[in-house]
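Work through the following exercises on side-chain pairing and solvent exposure. Each task is followed by a solution in steps.

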Amino acid sequence: MPLFKELATVSTAAIRHIEQPADSVEPSLHTLATEVLTDFSKQNPLMLEQNTSIDEAIEIMNKTHVSMKLVIDRQETFRGLITLGDLLSARVIKGMEYGRLRRHELTVAQVMTPRSELQAIENRIFATATIGDVLATMKKYGVQHVLVVDSPRGSVRGLVSASDIARRMHVPIVISERANSFSDICRAVAV
């Protein structure tokens, strides 16, 4: 006896409309940042074990079309963050020199940014922040991703990505230099 049944189908010849959310409003710099948060209480975080080889990490990121993953140890304790850029940068050469290792011997742990060097936004502050506030923070630190944490619980609550904001707002966002003013941020997201 088969486990699954074949479902009945209908013709789409008379179908003319595509349903869309009624509240589908394009976000702006003044929209609450919670609109662009990848909330880990609702969506599983993208994680990579720290002992993964850098070549395997590159392959995984390319196959899954992501440029950043949280790094965990075997007990799933948060250890840091790794980006595709890190895996393709001078960090690899530094890791090889420091550990006197060959490239294929390097692991994510030797190239990642450890949690002690990361900046995050506290969840209670993030709850009232705007997308513009988050972009200003990213610009200040020159980062493409910012973590949202719940310090009392000792946990990473979520993540905001500049590329996700750009996709949602339909504008290019460049985070490469420090912003000196809010108008710098507005220019960075202007079409």
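**Exercise 1.** State how far apart Glu59 and Lys63 are in helix H1, and what separates them in helical turns.

*Solution.* Step 1: helix H1 covers residues 54-64, and Glu59 and Lys63 are 4 residues apart within it. Step 2: they are therefore separated by about one helical turn. Step 3: in this predicted model, the side chains of Glu59 and Lys63 meet in a salt bridge, with an N to O distance of 3.1 Å. Step 4: on exposure, Glu59 has a relative accessible area of 43% and is partly exposed, while Lys63, at 61% relative accessibility, is exposed.

**Exercise 2.** Determine which parts of the protein are tied together by the pair Glu35 and Arg168.

*Solution.* Step 1: the side chains of Glu35 and Arg168 form a salt bridge of 4.0 Å, N to O. Step 2: Glu35 lies in the segment before strand S1 (38-39), and Arg168 belongs to helix H6 (residues 162-169), so the pair ties together parts that are 133 residues apart in sequence. Step 3: Glu35 is partly exposed at a relative accessible area of 45%, and Arg168 is partly exposed at 35%.

**Exercise 3.** Classify Asp73 and Arg79 as buried, partly exposed or exposed.

*Solution.* Step 1: buried means under 20% relative accessible area, exposed means over 50%, and partly exposed lies in between. Step 2: Asp73 has 10% relative accessibility, so Asp73 is buried. Step 3: Arg79 has a relative accessible area of 29%, so Arg79 is partly exposed. Step 4: Asp73 and Arg79 form a salt bridge, in which the closest N and O atoms are 3.9 Å apart.

**Exercise 4.** Give the number of salt bridges found in a search of the whole structure, then describe the protein by its helices and strands, its buried residues, its contacts and its exposed area.

*Solution.* Step 1: the search finds 5 salt bridges, among them Glu59 with Lys63 and Asp73 with Arg79. Step 2: the protein has 7 helices and 8 strands. Step 3: it has 191 residues, of which 37% count as buried. Step 4: take the contacts between residues at least 6 apart in sequence; 62% of these join residues at least 24 apart. Step 5: the protein exposes about 13000 Å², and carbon and sulfur atoms supply 52% of that area.

Note on methods: Residues numbered from 1 in each chain as written. Predicted model: local features only at pLDDT ≥ 70, side-chain atom pairs only at ≥ 80, totals over all residues. Heavy atoms only, no water. Helix = DSSP H or I, 4+ residues; strand = E, 2+ residues; numbered from the N terminus. Buried < 20%, exposed > 50% of the residue type's maximum accessible area, 1.4 Å probe, protein only. Contact = heavy atoms within 4.5 Å. Areas by Shrake-Rupley, 256 points an atom, 1.4 Å probe, with all protein chains shown as cover.
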